[in-house]
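The following exercises concern a predicted model. Please attempt each task with the structure in view before reading its solution.

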Amino acid sequence: MEHYDVVVIGAGLAGLAAGATAARAGASTLILDRSQPGGRASTDECGRYRFNRGNHALFAGGEAEAVLGRLGASVSQVPAPVERARGRVGDRVSILPAGPRRLLTTNLLGTRGKLGLGRILGGVKRWRPAEVAGLTIGEWLDRFHLSDDARAMMLMFVRLTTYIHDEDHASADVAVYQLQSAVTTGVRYVNGGFGSVVDELATAARRNGADLQTESDVSSVIPADAGATVVASGRDISAGAVVLAAGTPDAAAALLEPRPAAWARLGPKVEASCLDLGLRAGSLDPLYGIDRPIYLSDHALVAQGLAPAGGGLVHVLRYLALGEETPARTLRESMEEHARMAGVDPAAIEEHRFLRRMTVVGATPTPATGGLAGRPDIDSTGVSGVYVAGDWVGPRGWLSHCALSSGEAAGAAAAQSAGDGAGTHTGAARADRRTSV
């Protein structure tokens, strides 16, 4: 039977960060995935265009940048074109009030709305996310007594920074944390697509000595006295420690029996529909829906390596409410209409792709579960030596920032656990990266 100090299940952002971290700590490390690395963070080649699986961006600073830096993963980024953004109310389009000057000149808000929005945004740097973890987003906004137009604008900013279209269940600390990050450090698009982050992490994992194997379908993790046995595509692999980075809570729980008790009260998934358009020519300014949960951005407007010279790469994203079952055709038609409103010429569309329902985040923090700080810990599986990582795990970050921070923490803990276990390899065996027993 093969034996590794650490086996990581899943080669998305969390899994790659876990594998690279464990290998860097000196543990013989195996990363398994049924498909190519990346998962929901992948970038797909579609003709002459590179489509992200969703609308991916990184917040400058924060957990993601710190983890990537520690792993030696260099990612080329450019600021998102916020200064060119527009907002939409019905058929009315105007500049988005993303700063004091733009707030004064937009016609998307009345005088009272401008004053209210200016007041709330002026205090962003003083907000304390933990203080509102016990409130829903809606309850938090109610405290400001905003006019209807200003409240709708704030909900748009919340959707834009969190991808959450749910003011009645999600905890307010998520919104406060993300809005602070957007205002203080800014948002970045990735040159070459978000898959560039995946490539850098995979390179870092291999450079540190991890063995990355695809086409490996893991069916179960069986606890043992020291570590666990991972059953994958007909192989039994002995592991000193395991990191579950399979994506959603359901995917991780399917590998364990019974489902961890700490995951029983998790909030719902954050979901979205995505329409990607490769344009032969033209560049478009971002267009955000104020009175509808929709968003459009041409990443090729600023980022390189996404479209041929002179072309555009447009992402349209429709935020889905909790339990929303709008038919695919209706969703797509609304997204195509928004694209036309933004200036997309249907005749210029060379490539297109529609993703009906994508998981954005595996579980939404709620007041009942303690908000961001109440998310499951990396050791919440209830099984000694088996850890979990993902965009719904651990107290730090949101979206990719949470995935990377929990992946790094789980990888470090798994390497430590394997090193403390009875089945740990000698230094000579670790130099060979794996052994057979």
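**Exercise 1. The nonpolar cores**

Which residues of the largest nonpolar core touch the most other members? Identify them, and then describe the surroundings of one of them.

Solution.

Step 1. The largest nonpolar core has 67 residues, and V221 and L244 touch the most other members. Helix 1 (residues 13–24) gives the most to this core, contributing eight residues.

Step 2. A second core, of 53 residues, lies apart from the largest one; among its members are Y49, A150, C274 and W398.

Step 3. The general background is that nonpolar side chains in soluble globular proteins tend to be buried together.

Step 4. With neighbours within four places in sequence left aside, the contacts of L244 include I9, V221, A252, L255 and L256. Further along the chain, L244 is also in contact with T381, V386, Y387, V388 and A389.

**Exercise 2. Strand 12 and its two partners**

Why is strand 12 described as largely enclosed by the rest of the structure? Give the reason, and then describe how strand 12 is paired.

Solution.

Step 1. A residue counts as buried when its relative accessible area is under 20%. Five of the five residues of strand 12 (residues 228–232) are buried, and therefore the strand is largely enclosed by the rest of the structure.

Step 2. The side chains can be sorted by direction: A228, V230 and A232 point one way from strand 12, whereas T229 and V231 point the other way, and all are buried.

Step 3. Strand 11 (residues 218–223) pairs with strand 12 in the antiparallel sense, over five bridges. Within this pairing, V230 in strand 12 stands opposite V221, a residue already met in the largest core. The two strands form a hairpin with four residues between them, and G227 in the turn has a positive phi of about 95°.

Step 4. Strand 12 is also joined to strand 13 (residues 235–244) by five bridges, and these strands run antiparallel. Here T229 has S238 of strand 13 as its bridge partner. This hairpin has two residues between the strands, and S233 takes a positive phi near 50°.

**Exercise 3. Two open sheets**

What is the strand order of the open sheet of three strands, and what is that of the open sheet of seven? State each order, and then locate the edge strands.

Solution.

Step 1. The open sheet of three strands has the order 5-9-6, with antiparallel pairing. Strand 5 (58–59) and strand 6 (77–79) each have a single partner strand, so one side of each is left without a neighbour in the sheet.

Step 2. Three bridges join strand 6 to strand 9 (residues 187–190), and Q77 stands opposite V190 in strand 9.

Step 3. The open sheet of seven strands follows the order 8-7-15-16-17-14-18, and its pairing is mixed. Its edges are strand 8 (92–95) and strand 18 (349–361), each of which pairs on one side only. From one strand to the next, the twist averages 20°.

Step 4. Strand 14 and strand 18 run antiparallel and are joined by nine bridges. L275 stands opposite F354 in strand 18. Helix 6 (residues 148–162) packs on this sheet, where it touches strand 15 (287–289), strand 16 (294–298) and strand 17 (312–320). The direction of helix 6 makes about 115° with that of strand 15.

**Exercise 4. Two acidic residues**

Is E271 buried or exposed, and is D391 buried or exposed? Classify both residues, and then find the polar contacts of their side chains.

Solution.

Step 1. E271 lies in strand 14 (residues 270–279). Its relative accessibility is 12%, so E271 counts as buried.

Step 2. The side chain of E271 makes a polar contact with the side chain of R357 (2.5 Å). Beyond its neighbours within four places in sequence, E271 is in contact with Y319, L320, R357, M358, T359 and V360.

Step 3. D391 is placed in the loop between strand 19 (386–388) and helix 11 (400–420). With a relative accessibility of 8%, D391 also counts as buried.

Step 4. The side chain of D391 makes a polar contact with the side chain of R40 (3.1 Å). In addition, a polar atom of the D391 side chain lies 2.9 Å from the backbone nitrogen of G362. Setting aside neighbours within four places in sequence, the residues in contact with D391 include R40, V360, V361, G362 and R375.

How values were computed. Residues numbered from 1 in each chain as written. Predicted model: local features only at pLDDT ≥ 70, side-chain atom pairs only at ≥ 80, totals over all residues. Heavy atoms only, no water. Core = buried A, V, L, I, M, F, W, Y, C linked by side-chain atoms within 4.5 Å. Buried < 20%, exposed > 50% of the residue type's maximum accessible area, 1.4 Å probe, protein only. Contact = heavy atoms within 4.5 Å. Pairing = 2+ DSSP bridges. Polar contact = N/O pair within 3.5 Å; in protein donor to acceptor, adjacent residues only side chain to side chain. Axes fitted to C-alpha atoms, helices over the stretch in contact; angles between N-to-C directions.
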